[in-house]
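Me: Please take a close look at a single part of this structure and describe its surroundings. After that, set it against another position and the whole.

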Amino acid sequence: MDRFFSLVWRANALVILAAGLAGLALVMILLVQLGRDFLEPRRVQGVVNLADEEVEAETFHFGRFESISGSEFLSAPLYTQQGYPLGSISKSSQSSRNYLFYNPASGAAHWLLPDNEGLVEWRSEFPPSRYKGEREPVKGVLWQVIASDTNGDRKLTQNDLSVVFISGPSGRPLRELISGVQEVHGAHQFSSDRVSLMLLKNNRLRAAVVSLNALSLVSNEEVSALPSGT
């Protein structure tokens, strides 16, 4: 009989131990999740949530209006601020959705894009502005725009494919140059009319040449393949 009770007590001890370990594991999981929520940045850039049920609030505001050398227009970005829940806390993202061009002499104004459904990932004026000396008139502006959710995660981020446009200094005309772009790796003016644009498309590095006078694509060629063994 004593042996029977001894076995029962041992079984109960094992059950209690297992329950304790399970409870400890649950507490650790909760602590890890809470730690992740607090360690992750609460404010992120360049993320647009497309799912309405995930957006708690959305507001729009303008950036600083700046003059465009060689143009009568001023320009400013239009930002969207989205708040959304993530884990146990709320987070927010700020993204550039469009650009407004305004002529203070005539009062005329127009938008770069027809709507605010995309994400302006990158822009660069040519010739590039200088910190010292007289600024040269801008001939053209390159834009990288994420226009749609190409990876199906219901967000617009740098992980989506983008489109490269070129425009005049006032945002018009706006012409599409290259679609399906994964990444832009820099743009450099190498003559009075030519800009070299390095980009990744279909997992291949490409070099495009853009004409500033014609606002058009001159060439778009694949760069040398990766060395063997890589």
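Reply: The part chosen here is threonine 80, which sits in strand S5, spanning residues 74-86. The model is predicted. Threonine 80 has a relative accessibility of 1%, and because buried means under 20%, threonine 80 counts as buried. Apart from neighbours within four places in sequence, threonine 80 has contacts with Glu58, Thr59 and Phe60, and also with Ser93, Gln94, Ser95 and Arg97.

Another threonine serves as the second position. Threonine 150 belongs to the loop that runs between strand S9 (140-146) and strand S10 (155-156). Its relative accessible area is 40%; since the partly exposed class lies between 20% and 50%, threonine 150 is partly exposed. With residues up to four places away in sequence not counted, threonine 150 touches Asp160 and Leu161. Aspartate 160 is 10 residues from threonine 150 along the chain, and the C-alpha atoms of the two are separated by 5.3 Å.

Now the whole protein. It contains one helix and 16 strands, and strand S5, with threonine 80, is one of these strands. Of the 230 residues, 33% are buried, and threonine 80 is among the buried ones. The exposed area of the protein is about 14100 Å², with 56% of it supplied by carbon and sulfur atoms. Taking contacts between residues at least 6 apart in sequence, 43% join residues at least 24 apart.

Definitions and conventions: Residues numbered from 1 in each chain as written. Predicted model: local features only at pLDDT ≥ 70, side-chain atom pairs only at ≥ 80, totals over all residues. Heavy atoms only, no water. Helix = DSSP H or I, 4+ residues; strand = E, 2+ residues; numbered from the N terminus. Buried < 20%, exposed > 50% of the residue type's maximum accessible area, 1.4 Å probe, protein only. Contact = heavy atoms within 4.5 Å. Areas by Shrake-Rupley, 256 points an atom, 1.4 Å probe, with all protein chains shown as cover.
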